[in-house]
Each structure stands twice: as C-alpha cells, then as structure tokens.
Amino acid sequence: MPLLHPALIADPARHTEPLLPTECLSDEPGTIDLATLRDLTAALAGMPRIWRPVIHHRADRRWYTRLLLSATVEVWLIGWYPGQQTEVHDHGGALGAMAVAEGRVEEDRYDRNWTITRVREHVTGSAVGFSAAHVHRVANRGLEVATTIHAYSPPELPMRFAPTQNDADVRAAAVPTTAVAAYAGRDVASAGATR
Ligand SMILES: [Fe+2]
C-alpha cells in the first residue's frame, strides 16, 4: 500500500486526474525509468498548490518530508535555507531525479573516487535525472530560500557518503575557480531546455 502525503491525494469532488503515474503507486517492487522520474519531479515542482502549503524553510536545519513511498519510488520535498547543503553522497545504486520548484541550488558532482568533477546550477523549473552511479552534493549558496523535489527508484536504498567529508571538501577546493565557473555558466544556459 503506497504512502501518500495528503497534499498528493486528488480531490474526488473536483474530479481531478490522478497526479501520479500508475507505476509510481505499485505494490510490486520495481524500478521507474529515469525519464519518468525526471518528468514526475518536474510535474510536481510545477504545481505549487501541492508543495506550497507543505514546504518549510528553517534556518536551523534542512527541512524535508516524504511525499510518496511505494514499492517502486519515493518522492521527497526539501526546503533549503541559504547556506544549507548535503554531504557528498550517492543514492545506494538507485536512479534519481531532482526538480527545482523555487529558487536555485548548486550541485557539485563527484566521481566514484569522491573527487569533484563539475558544478552545475539548477534554477526554478529545471529538472535533472541521476544515474545509479551518481555522486553529488547539493547546496543553496544563494541569498534566497530554495525548494526542490526529489525522486528515487527503487526506494529506500541507503545512501553512501564520502569516507571523510573533509577529503571531499579539500578536493573541491582544489578545482580551479575558473573551471567551475565555466561549467556552471554552460549548464545555467541549458537548464531551461531540460524542462
Ligand atoms: Fe542526492
């Protein structure tokens, strides 16, 4: 039986269409493909009536809640106060997707040796899929709050973290600023096309 946040339950009185693809509500274990995950997060991010009444942004900690848990996928809503970030992590082999509902976040991407390879900026309306081997850190380095929606399939695989976050930070600091800026600029330009 999938667990649904009340915000995701369609109002039968309004005859609203189901918000989620049937495969996302399955009781049978399985994996949702990357394009579907990305489209799911993008669609939810584009519906502020879903997430606006739910989202919180807290200065003392990153805020999050799960919107959906089924046998095939989990969906999370995350609020980012300026300065908040994740540790460097993977998703335990799950496929993933992230869409920006408001604001902007930066994503530092790492290789399997926990060495930073590039930085991408994701702005409101952009959505991106993550392969099973994806390693990253997401951060709000701006001055405004940000809201993102994430989906992972299969659900509830334990994340793995860089052996020492300090090592990852040291490697990140070693990347020339100009290289990071060049990557960020190129991806900002293409971000809108992903929606
Ligand atoms: Fe992640």
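Helices and strands here are DSSP runs, a helix having at least four residues and a strand at least two, and they are numbered from the N terminus. With that convention I can place a residue that will return later: Trp114 sits in the loop between strand S5 (104-110) and strand S6 (116-123).

Good morning. The structure above is a predicted model, and I shall begin with how confident the prediction is. The mean pLDDT of the protein is 84, and 79% of its residues reach 70 or more. Over residues 175-195, however, the pLDDT is below 50, although this stretch still has 25 contacts in the model beyond near neighbours in sequence. Where pLDDT is low, the predicted coordinates should not be read in detail. I shall therefore leave that stretch aside.

Let us turn to the overall plan. The protein has 4 helices and 9 strands. Read from the N terminus on, its elements follow the order β-α-α-β-β-β-β-β-β-β-β-α-α. Of the 195 residues, 36% count as buried. Among contacts with a separation of 6 or more, 79% are between residues 24 or more positions apart.

Next, the sheet. In what order do the strands of the open sheet lie? There are 6 of them, arranged S1-S2-S3-S9-S4-S7, with antiparallel pairing. The edge strands are strand S1 (3-4) and strand S7 (127-130), each of which pairs on one side only. Strands S2 and S3 run antiparallel and are joined by 6 bridges; Tyr64, for instance, has Ile78 in S3 as its bridge partner.

I would like to dwell on strand S9, residues 146-153. On one side, strand S3 (residues 74-80) is joined to S9 by 7 bridges in the antiparallel sense, and Trp76 stands opposite His150 of S9. Strand S4 (residues 95-102) also pairs with S9 over 7 bridges, again antiparallel, and there Ala99 faces Ile149 as its opposite residue.

Are the residues of S9 buried or exposed? Of its 8 residues, 8 are buried. Both faces are covered: Ala146, Thr148, His150 and Tyr152 are buried on one side, and Thr147, Ile149, Ala151 and Ser153 are buried on the other. One element that lies across S9 is helix H1 (residues 34-45), which also lies across S4 and S7 and runs at about 20° to S4.

This brings us to the core. In soluble globular proteins, nonpolar side chains tend to be buried together. Here the largest nonpolar core has 33 residues, and those with the most contacts inside it are Ala45, Ala97, Ala99 and Ile149. Two or more residues come from each of H1, helix H2 (48-51), S2, S3, S4, S7 and S9. The element that gives the most is S4, with 6 residues. Ile149 shows how these elements meet: leaving out residues up to four places away in sequence, Ile149 touches Thr41, Leu44, Ala45, Trp51, Val75, Leu77, Ala99 and Ala101. There is also a second, separate core of 6 residues, including Val88, Tyr110, Ile116 and Val135.

Finally, some details of the backbone. Where does S9 lead? Pro154 lies in the loop between S9 and helix H3 (165-174), and a cis peptide bond, with omega about -5°, joins Ser153 to Pro154. In that loop between S9 and H3 we also find Glu156, a residue other than glycine whose phi is positive, near 60°. Trp114, likewise not a glycine, has a positive phi of about 65°.

Which of these two residues is buried, and which is exposed? Trp114 is buried, because 20 other C-beta atoms lie within 10 Å, and 20 is the number from which a residue counts as buried. Glu156 is exposed, because there are 10 other C-beta atoms within 10 Å, and the limit for exposed is 12 or fewer.

My last residue is Thr72, in the loop between strand S2 (63-69) and S3. Thr72 counts as buried because it has 22 C-beta neighbours inside 10 Å. Setting aside neighbours within four places in sequence, its contacts include Glu23, Cys24, Gly30 and Ile32, and also Ser153 and Pro154, the two residues of the cis bond. Thr72 and Pro2 are 70 residues apart in sequence, yet their C-alpha atoms are 9.3 Å apart in space.

Thank you for your attention.

How values were computed: Residues are numbered from 1 along each chain as its sequence is written. This is a predicted model: local features need pLDDT of at least 70, side-chain atom pairs count only at pLDDT 80 or more; totals for chains, interfaces and linings use all residues. Two strands pair if DSSP finds at least two bridges between them. Two residues are in contact if their C-beta atoms, placed from the backbone, lie within 7 Å. Axes are lines fitted to C-alpha atoms, for helices over the stretch in contact, and angles run from 0 to 180 degrees between N-to-C directions. pLDDT is the predictor's confidence in each residue, from 0 to 100. A nonpolar core is a set of buried Ala, Val, Leu, Ile, Met, Phe, Trp, Tyr and Cys residues joined through C-beta atoms within 7 Å.
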